[in-house]
Amino acid sequence: MSTITLAHGNGGTRMRELVDNVFASKLANTILNTDLDAAHLNLTGTNWAMTTDGFTVQPLFFPGGTIGSLAIHGTINDLAVAGAEAKYLSLSAIIEEGLQTEELEHIVDDMAVAARDAKIQVVTGDTKVVPRGHGGGIYFTTTGIGKKLETLTLNYYQLKANDAILVSGPVGNHGIAVMMAREAFGLRSDIKSDSANIFPFVNALTQISKPSAVKQLRDPTRGGVNMVLQDWTRCSGLGINLSEEQLPIEPAVKAVCEMLGYDPFNLACEGRVMAVVESNYVDEILTHWQKLPNGEQAAQIGTFVSSHTQVVMHTPIGGQRILQALEDEPLPRIC
């Protein structure tokens with residue numbers, strides 16, 4: 001069984017073999033050229049978006065995905081919530097000496113499948129190898145370029161009282177799936193990460209009768225739903241009333257959270273989108289979303305209000321609790 005060595009990062013023959021046989025062969029497209037240090041892109045028009053992200057998840061393999069598929073989905077999703085469709089990605093891999101070559105190939109295979117499914121191209125990249133003990137197996141840094149959707153005009157400062165808050169599906173799955181794969185709690189479950197491409201949900205918003213009714217989009221990654229809501233109250237100067245019973249949470253996720261003391265509102269998602277929309281268009285949007293794969297449980301979870309400036313949860317028994325902004329990361333290295 002072969003492993004990655006420092007020689008795979010020294011610029012010589014073994015590095016060329018690694019780049020060509022693992023990365024370039026699996027991510028091949030008409031633009032990717034490992035003999036060049038930069039990709040030549042023909043970008044027309046001015047409506048483009050760009051994002052950069054890093055991925056350090058531990059463990060590298062978890063139910064529902066790997067760090068490879070997560071790196072692709074995470075980059076696509078950051079562009080999607082900016083109202084753009086991902087077209088091109090760059091990829092930087094920091095590999096730790098000793099990583100099994102078979103594991104690396106599995107990770108890049110997952111990356112290639114995610115890229116093909118989303119119809120995007122990895123067009124340039126870089127590979128470095130660090131000594132054993134100086135990394136977590138492998139880290140990725142990506143940069144994505146996407147074409148803006150002309151009909152979506154997103155702006156924090158458009159938010160008003162009575163605007164509705166939607167989420168495209170159950171929350172907390174990614175955080176719990178990674179935690180269950182990482183920690184020895186003695187628990188067994190079938191919970192899988194929700195890691196997925198959310199662009200279909202964003203694209204569906206262009207098909208409603210009034211696309212401008214969509215005011216803001218976010219993917220609730222680190223900090224989960226809670227931190228998105230905290231950002232929205234801070235930027236708008238408004239408060240948010242939430243309905244706990246309307247928040248979609250899978251029973252298994254809820255059960256694990258109750259046993260271990262986690263709040264699903266604070267757990268990362270990697271395949272969900274949250275939207276702020278004019279209240280008159282909630283039903284139309286949910287009808288579109290609920291027809292999409294992974295969108296069956298899309299729901300309205302809250303409303304902006306002018307009567308306070310906090311995030312207030314209304315419980316099924318008539319109580320209330322205030323959600324506070326996170327100060328500590330409940331589950332580090334989940335993305």
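Leaving aside its neighbours within four places in sequence, which residues is alanine 49 in contact with? Looking at the predicted model, you'll find that alanine 49 touches Leu79, Ala84, Gly144, Ile145, Gly146 and Lys148. The residue sits in strand E1, and with a relative accessibility of 14% it falls under the 20% cut-off, so it counts as buried. If you want a sense of scale, pick serine 193, which is 144 residues away from alanine 49 along the chain: the two C-alpha atoms are 27 Å apart.

Let's stay with E1 and look at the sheet around it. E1 belongs to an open sheet of 4 strands, ordered E1-E6-E4-E5, and the pairing in this sheet is mixed. Strand E1 (48-55) and strand E5 (121-130) are at the edges with a single partner strand each, so each has one side without a neighbour in the sheet. Going from one strand to the next, the twist averages 15°. The partner of E1 is strand E6 (residues 138-148), and the two run antiparallel, joined by 8 bridges. To find that pairing on screen, start from tryptophan 48, whose bridge partner in E6 is lysine 147.

Now add the helices. Helix H2 (residues 67-80) packs on this sheet and touches E1, strand E4 (84-96), E5 and E6, with its direction at about 145° to that of E1. Helix H3 (residues 101-118) lies across E4 and E6, and its direction is at about 10° to E6.

H3 also has a helix to pack against. Two packed helices are described by the angle between their axes and the distance between the axes. For helix H1 (residues 13-26) and H3, the angle is about 30° and the axes are 8 Å apart. Angles under 35 degrees count as roughly parallel, so H1 is roughly parallel to H3. On the H1 side, the contact is made by Leu18, Val22, Phe23 and Lys26; on the H3 side, by Leu104, Glu105, Val108, Asp109, Ala112 and Arg116. Sorted by type, the residues of this contact come to 6 nonpolar, 4 charged and no polar.

A few backbone details are worth a stop on the way. In the loop between E1 and strand E2 (61-62) sits proline 59, and the peptide bond leading into it from glutamine 58 is cis, with omega near 5°. Further on, in the loop between H3 and E5, comes lysine 119. Its phi is near 60°, a positive value in a residue other than glycine. Lysine 119 has 70% relative accessibility, so it counts as exposed. Something similar turns up in the loop between E6 and E7, where you'll find asparagine 162. Asparagine 162 isn't a glycine either, yet its phi is positive at about 85°. With 54% relative accessibility, asparagine 162 counts as exposed too.

That loop takes us on to E7 and another sheet. This one is open and has 7 strands in the order E8-E10-E7-E11-E9-E12-E13, again with mixed pairing. Strand E8 (214-218) and strand E13 (320-323) are the edge strands; each has a single partner strand, so one side of each lacks a neighbour in the sheet. Here the twist averages 25° from one strand to the next.

Which strands flank E11 in that order? They are E7 and E9. Strand E7 (residues 164-167) runs antiparallel to E11, with 4 bridges between them. Strand E9 (residues 239-243) is antiparallel to E11 as well, joined by 4 bridges. Threonine 303 of E11 is a handy marker here: alanine 164 stands opposite it, and it is also the bridge partner of asparagine 241. Of the 7 residues in strand E11 (residues 299-305), 5 are buried, so the strand is largely enclosed by the rest of the structure.

On to the next pair: E9 and strand E12 (residues 311-314) are parallel, with 4 bridges, and isoleucine 240 stands opposite valine 311 in E12. Helix H6 (residues 224-236) packs on the sheet and touches E7, E8, E9, strand E10 (274-277), E11, E12 and E13, its direction making about 30° with that of E10. Helix H8 (residues 282-289) lies across E7, E8, E10 and E11, and runs at about 5° to E7.

How values were computed
Residues numbered from 1 in each chain as written. Predicted model: local features only at pLDDT ≥ 70, side-chain atom pairs only at ≥ 80, totals over all residues. Heavy atoms only, no water. Buried < 20%, exposed > 50% of the residue type's maximum accessible area, 1.4 Å probe, protein only. Pairing = 2+ DSSP bridges. Axes fitted to C-alpha atoms, helices over the stretch in contact; angles between N-to-C directions. Contact = heavy atoms within 4.5 Å. Parallel < 35°, antiparallel > 145°, perpendicular 65-115°, else oblique. Nonpolar A, V, L, I, M, F, W, Y, C, P; charged D, E, K, R; others polar.
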